[in-house]
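Visitor: I am new to this structure. Please take one strand and go through it closely, with enough about its surroundings for me to place it.

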Protein chains: 2
Amino acid sequence: MSLLAIGSVAFDQIETPFGKSDKIIGGSGTYIAMAASYFTNQTKLVGVVGEDFRQEDLNMMQKHGINTEGVQIKKGEKTFFWSGRYHADLNTRDTLVTELNVLGDFDPIIPESYQDCEYLMLGNATPAVQKTVIERLHKRPKLIVLDTMNFWMEEAFISGLKEVIGMVDVVSINDEEARMLSGEYSLVKAAKKIMAMGPKYLIIKKGEHGALLFSDEQIFFAPALPLEDVFDPTGAGDTFAGGFIGHLASTKDISFENMKRAVIYGSAMASFCVEQFGPEKLIELTADELEGRVQEFIDLVQFEIEYN
Amino acid sequence: MSLLAIGSVAFDQIETPFGKSDKIIGGSGTYIAMAASYFTNQTKLVGVVGEDFRQEDLNMMQKHGINTEGVQIKKGEKTFFWSGRYHADLNTRDTLVTELNVLGDFDPIIPESYQDCEYLMLGNATPAVQKTVIERLHKRPKLIVLDTMNFWMEEAFISGLKEVIGMVDVVSINDEEARMLSGEYSLVKAAKKIMAMGPKYLIIKKGEHGALLFSDEQIFFAPALPLEDVFDPTGAGDTFAGGFIGHLASTKDISFENMKRAVIYGSAMASFCVEQFGPEKLIELTADELEGRVQEFIDLVQFEIEYN
């Protein structure tokens with residue numbers, strides 16, 4: 001039982017109404033692996049960085065039990081860099097800088113030691129890269145989860161995105177993306193259309209409004225924790241995905257009932273993520289903190305109505 | 001044990017992307033009383049209409065067990081009329097016509113037979129009218145719930161609104177209104193500021209994103225049911241309030257635990273309301289339909305995580 005995560009491993013520089021970060025570690029692959037590492041010590045990461053990447057950041061991931069053998073280090077090249085500034089409501093942001101660097105021609109090489117993976121988390125990347133990863137695995141994983149973003153729903157990429165969506169079990173996107181991908185405003189209708197593209201399950205993330213998990217027959221809703229302050233939303237969606245698949249991999253149970261729990265764990269991890277810059281808060285979490293946070297979710301939605 | 005509801009009793013003409021209604025019965029008092037009538041046969045309504053009001057609409061309310069003795073009929077005058085058109089997303093609307101008519105100088109007279117009320121639902125009305133109702137009750141009700149809207153948060157009305165908010169137990173408003181009233185974007189901070197104005201409990205309605213119930217120490221979240229189609233959102237907030245206080249009045253229990261159930265019942269009633277024009281769907285609901293809908297809420301959020 002191991003979990004393979006792919007995605008960007010990056011440097012981010014973030015401005016929020018509360019301050020400005022240094023150039024810190026970021027990227028979808030980083031957040032996914034960090035979140036998953038709280039559930040399983042069998043997390044394996046595929047990604048690419050430049051010569052400028054810091055050994056201390058790789059060490060930090062390894063200390064979390066993350067296998068970074070699949071993170072290629074490109075000599076003479078630079079790590080993907082993103083810089084953005086959030087607006088006052090923290091729901092919208094401007095991208096200030098995007099330097100693709102090593103990500104421009106990312107070829108996701110799967111180390112032989114990763115071939116046993118049973119759980120595959122395709123973090124945000126080009127649909128072509130996501131598809132290549134699936135094809136390079138000798139055996140189809142037990143569960144493939146895909147995260148993506150609106151950028152890949154533009155005309156130039158949409159057919160590739162739909163092709164890879166047709167190859168996975170679970171898609172995880174936000175409400176705006178679900179509407180864009182389906183052409184439907186109603187999320188219930190959007191979910192039906194997206195599941196008709198292939199995946200058996202769909203997660204629609206609604207940020208501060210929680211997340212919906214759909215199957216053919218069932219809908220589950222998990223709230224977001226009402227937080228006094230959101231400090232930095234960067235990586236929250238990836239962190240959610242990492243907690244989601246991390247819980248599934250650690251319990252080896254992909255039933256809908258267990259996916260509901262996985263959505264709660266993903267939401268709990270995301271609620272930590274937004275409390276500090278980048279993945280800072282994900283570095284030193286304790287099991288007690290996570291348990292306490294999950295208990296807050298239980299308290300938030302639990303009620304008793306009995307019919308006889 | 002009886003429930004006193006005050007608010008507008010009106011004619012509405014509604015346009016949505018799906019069609020246009022005739023001049024149909026509406027108004028905050030109507031929706032509240034109709035929703036509450038599914039929980040208690042002791043609902044008493046205070047309001048005012050003109051000579052043009054239809055006896056059949058009064059009969060319909062009476063058939064629901066609603067006492068309309070407190071609905072004044074003004075000879076030679078016309079009923080409050082509102083007409084609006086919803087945009088494609090159904091979250092925003094333009095008001096086309098507002099004719100205050102009898103509502104312009106509404107003096108809320110409380111019939112002597114209403115003086116025993118233990119539960120008071122102050123539906124949307126001028127803060128002055130809401131305050132007058134409280135003052136005219138010989139004995140303070142066991143629970144006073146107030147609904148209001150952004151219009152009364154403008155400079156000309158805000159001091160009056162804050163005064164009446166200071167006299168009630170529960171305030172029920174939407175997220176935009178909570179932000180406007182408190183000057184805080186974070187709903188957790190907004191809730192603290194609003195409860196500091198006097199009420200022990202605050203409900204923040206988030207439309208399709210559900211509702212939050214706050215006390216000093218606890219937060220409860222109820223989702224909205226993900227609906228394939230919302231047909232007409234008119235009256236959903238009032239219907240929620242009517243279901244909320246209706247459940248509390250019928251169970252005579254104003255604990256936080258029971259308020260959580262009341263929020264679920266209110267949400268269930270609101271989910272019916274939006275399925276047809278105006279209060280149409282609230283006219284012929286069955287107990288089975290309501291029970292089935294509440295079960296959908298239970299299924300939507302229920303999950304099991306056990307810590308030992």
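Guide: Start with how contacts are spread in chain A: of those with a separation of 6 or more, 68% are between residues 24 or more positions apart, where two residues are in contact if their C-beta atoms, placed from the backbone, lie within 7 Å. This is a predicted model, in which local features need pLDDT of at least 70 and side-chain atom pairs count only at pLDDT 80 or more, while totals for chains, interfaces and linings use all residues. Residues are numbered from 1 along each chain as its sequence is written, and chains are lettered from A and ligands numbered from 1 in the order in which they are written.

Chain A has ten helices and 14 strands; helices (H or I, at least four residues) and strands (E, at least two) are DSSP runs, numbered from the N terminus. Its radius of gyration is 18 Å, close to the 19 Å that the globule rule gives for 308 residues, so chain A is as compact as a globular protein of that length. The radius is taken over C-alpha atoms, and the rule is 2.2 Å times the number of residues to the power 0.38. The C-alpha trace of chain A spans about 70 × 45 × 35 Å along its principal axes.

Of the 308 residues in chain A, 49% count as buried. A residue is buried if 20 or more other C-beta atoms lie within 10 Å of its own, exposed if 12 or fewer, and partly exposed in between, with C-beta atoms placed from the backbone.

The part to look at is strand S2 of chain A, residues 10–16, which is mostly covered: five of its seven residues are buried. Strands pair if DSSP finds at least two bridges between them. S2(A) runs parallel to strand S7 (residues 81–86) of chain A, and five bridges join them. With strand S4 (residues 24–26) of chain A, S2(A) pairs in the antiparallel sense over three bridges. Asp12(A) has a bridge partner in each of these strands: Trp82(A) in S7(A) and Ile24(A) in S4(A).

Strand S3 (residues 19–20) of chain A also pairs with S2(A), in the antiparallel sense and over two bridges. Here Thr16(A) stands opposite Gly19(A) of S3(A). Two residues lie between S2(A) and S3(A), and the two strands form a hairpin.
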